[in-house]
Structure formats: structure tokens, C-alpha cells
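Work through the exercises below with the structure at hand. Each task is followed by a solution in steps.

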Amino acid sequence: MIKVAVDAMGGDNAPEEIVAGAVMAANTRKDIKILLVGQEERVSAELKKHTYNTDQIEIVNATEVIETEEPPVNAIRKKKDSSIVVGMNMVRRDEADAFVSAGSSGAILVGGQVIVGRIKGVERPPLAPLIPTEKGVSLLIDCGANVDARPSHLVQFAKMGSIYMENVVGIRNPRVAIVNIGAEEEKGNALVKETYPLLRECGDINFTGSIEAREIPHGEADVIVAEAFTGNVILKLYEGVGATLIAKVKAGMMTSLRSKIGALLVKPALKETLKSFDASQYGGAPLLGLNGLVVKTHGNSKRTEVCNSIIQCVTFKEQRINEKMKESLFPKEKEQEER
């Protein structure tokens, strides 16, 4: 069974929605063992509200909670018995195959690098969520971990993103593009201008050039490369516009008797269409390039997103993504390890 440690105390809706999401995942997949990390009394009280296979869910007591507003480095250093630190230590010691949290982004980023550790040779681990598009999904890398990235970082992001999309999502030879303000190579800021030729020269990725923000929803690239500031703005605007459009469509269908009748007729097809643009169904954002799997979900995650984030870890583990990244990015180091 794949063992997934889940931060039961992280996020706006903890522990209620986190526990509910864990139960949903356990009831969906029988090959998952979920380790709910958090204050035992509170987590146990939530678990009692649900029906589940007791062999699949276990509570790991952690007395402290890292709050969102706390300085990440100090929090990781001082709160050794927090749900984030305890969960990440379980991954480091191979007591869990993955760690999922909706808690403090800063603490997760710091903990991922300090506790779980980076794959040797990886300069910066990026956060990489899947985002819905007209043609399916694309990977946005980076969306929040490295706001002051260098060209060499973006090149590694592109390579890691390609490996992820090919092995987890199943897209052969994924198209890689860098976010820019125009399609021409000479456009963009200093970082983009310096990174573009480096990506073009990479023989192990399918680099298609620049992509403008308006082309992202159309699915014009499978891997969308950006430094974290730009990536995070894209992600948040994407989510905001999506939620607004869905709300406006629903409100518009209730304006008159005729529109209500029409809504009943199109409801099944519309529901399916809107579902494809619901980011929660794609799980969280993995922090790629670490020695173990760490997945960050939205701070306001509800049970469905928590459930999907947990299930996402199974595919990641089954496809040996970390091993494939080592083999692809650093073949010489991998060869030396095997010797």
C-alpha cells in the first residue's frame, strides 16, 4: 500500500474537511494507507463522524500547529512537533511515501528543502499545479516557490515538468513554452530573453517557444514555464476568472422562467463542462525535485481537493517520478550511485 501522510491541521478548513477528504480517498482506493498527522483528540473526534476501513487510516499525534502568518524558517526550526514537521520527517525516514498539506506555503517550501531535501543537482524545487485547458490540462511551473529565479532554474523547471507530464499525465513529448508578453524571441524581460535560447538548445525537451497568457486556456502548451511571481499571478487570476464565470452563468440561468426551463435542459451537459474547469479535481501542486513527494493544496481546500491530492500521490509513486528525474536530469550521478 502507498502510505500518504496528511497534515490534518493545515488550511482554512482543518481538521473537518481534511479528515473528510482522507476518508473519501480511503473509500475510493483500497491501496492507500493514510496517516493523519495532527492533534490526536481533534482528529479522532472528526474521524468518528465517518465510516471507513480502520486499517487504512491511522492518526499520528503532533501537538503543534504552524500558522499561516508565522515566519516559515523560525516555525520549522522551533515547532518540531508540528503537523508539517512531523509529516515531512516521516517522508524523510521512509515511513511515508508522500506528504500532503493545505497549510502554510512558506513552511512547506522551507520544510521540503530542509527536511525532505532536494535531489542532488536540483537548484530550486518548483511548485507545479495542473490547470484545466480547452484541450485537457497543462502544468504551470513554477507557481509560487521561486520568485527570484535564474535562467538555469527555469531550464530545470522545463525538464522536470516534461518528465512529470509524460509519466503522470501520459502526454508523449509534451510541448514546453515559456510565458512571455509576445511570441517573438526578442520580446520579454531580461530573465525570459536569457532563458529562451537555453530552452531552445535543450535536446531533451520539446520547446515550442513563447506563450502569451491568453493562449494558456486554449492548451497551446503542455508545460508552461515561468518564475514564481508570474506563475502565481496566472494561477490566481485563472482561478478567480473561472469561479466568476461559473457564478455568472448560474445566476444568468435563474433570471426568468424561460432561462430556468433552458437551464433544466442543458444542466447535464453544462455540469460536465464546468466540472472540467474545476481546478480542485486535479489535486494539489507537487513540489518537484525533492528526495520525496510533497504536495501543497490550496489553503481553502475542501474534501474533494484533499481526496484528489492524496490519490495523486499514488500515481506519482507508481510511476517512480523521482527516480526518472534523477535519471533524466543527472544521468552521470545516477550511474555512480548504482556502482
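**Exercise 1. The largest cavity**

Task: State what volume the largest cavity has, and find which residues line the largest cavity.

Solution.
- Step 1. In this predicted model, the largest cavity has a volume of about 40 Å³.
- Step 2. With a lower limit of 30 Å³, the count comes to one cavity.
- Step 3. Its lining is made of V6, D7, I18, V100, S101, A102, T297 and V306.
- Step 4. Sorted by class, these lining residues are five nonpolar, two polar and one charged.
- Step 5. Two strands, β1 (2–7) and β4 (98–101), each supply at least two residues of this lining.

**Exercise 2. The second largest pocket**

Task: Determine how much space lies in the second largest pocket, and which element gives the most to its lining.

Solution.
- Step 1. The second largest pocket holds about 290 Å³ of space.
- Step 2. Its lining has 16 residues, and D97, N291, G292, K317 and N322 lie nearest the centre.
- Step 3. Two or more lining residues come from each of α4 (83–92), α10 (303–318) and α11 (321–329).
- Step 4. α11 gives the most, with four residues.
- Step 5. By class, the lining of this pocket divides into six nonpolar, three polar and seven charged residues.

**Exercise 3. Two domains and their contact**

Task: Give the bounds of the domains, then describe what lies between domain 1 and domain 2 in terms of contacts, buried area and salt bridges.

Solution.
- Step 1. Domain 1 covers 1–121 + 288–330, and domain 2 covers 127–278. Domain 1 is thus written as two stretches of the chain.
- Step 2. The C-alpha centres of the two domains are 25 Å apart.
- Step 3. On the side of domain 1, 16 residues are in contact with 13 residues of domain 2.
- Step 4. The two domains bury about 1,300 Å² between them, and 72% of this area is on carbon and sulfur atoms.
- Step 5. Within domain 1, L109, L288 and L329 lose the most area to domain 2; together they account for 37% of what that side buries.
- Step 6. Zero salt bridges are counted between domain 1 and domain 2.

**Exercise 4. A salt bridge between strands**

Task: Find how many salt bridges the whole structure has, and say which parts of the chain K33 and E58 link.

Solution.
- Step 1. A search of the whole structure gives 16 salt bridges.
- Step 2. One joins the side chains of K33 and E58, with 3.5 Å from N to O.
- Step 3. K33 belongs to strand β2 (residues 32–38) and E58 to strand β3 (residues 57–61). The two residues are 25 apart, so the pair links distant parts of the chain.

**Exercise 5. Backbone exceptions**

Task: Locate the cis peptide bond at P15, the one at D142, and the residue D94 with its phi value.

Solution.
- Step 1. Start from the usual case: most residues other than glycine have a negative phi, and most peptide bonds are trans.
- Step 2. A14 and P15 are joined by a cis peptide bond, with omega about -5°. P15 sits in the loop between β1 and α1 (16–28).
- Step 3. I141 and D142 are also joined by a cis peptide bond, with omega about 20°. The place of D142 is the loop between β6 (136–141) and α6 (151–169).
- Step 4. D94 is a residue other than glycine with a positive phi, near 65°. D94 is found in the loop between α4 and β4.

Key
Residues numbered from 1 in each chain as written. Predicted model: local features only at pLDDT ≥ 70, side-chain atom pairs only at ≥ 80, totals over all residues. Heavy atoms only, no water. 1 Å grid on protein atoms, 1.4 Å probe; cavity = no way out; pocket = protein on both sides within 12 Å on 5 of 7 lines; lining within 4 Å. Points joined across faces, edges and corners; volume = space filled by probe spheres on them. Nonpolar A, V, L, I, M, F, W, Y, C, P; charged D, E, K, R; others polar. Domains from an automatic or database assignment. Contact = heavy atoms within 4.5 Å. Buried area = accessible area lost by both parts, 1.4 Å probe. Salt bridge = Lys/Arg side-chain N within 4 Å of Asp/Glu carboxyl O.
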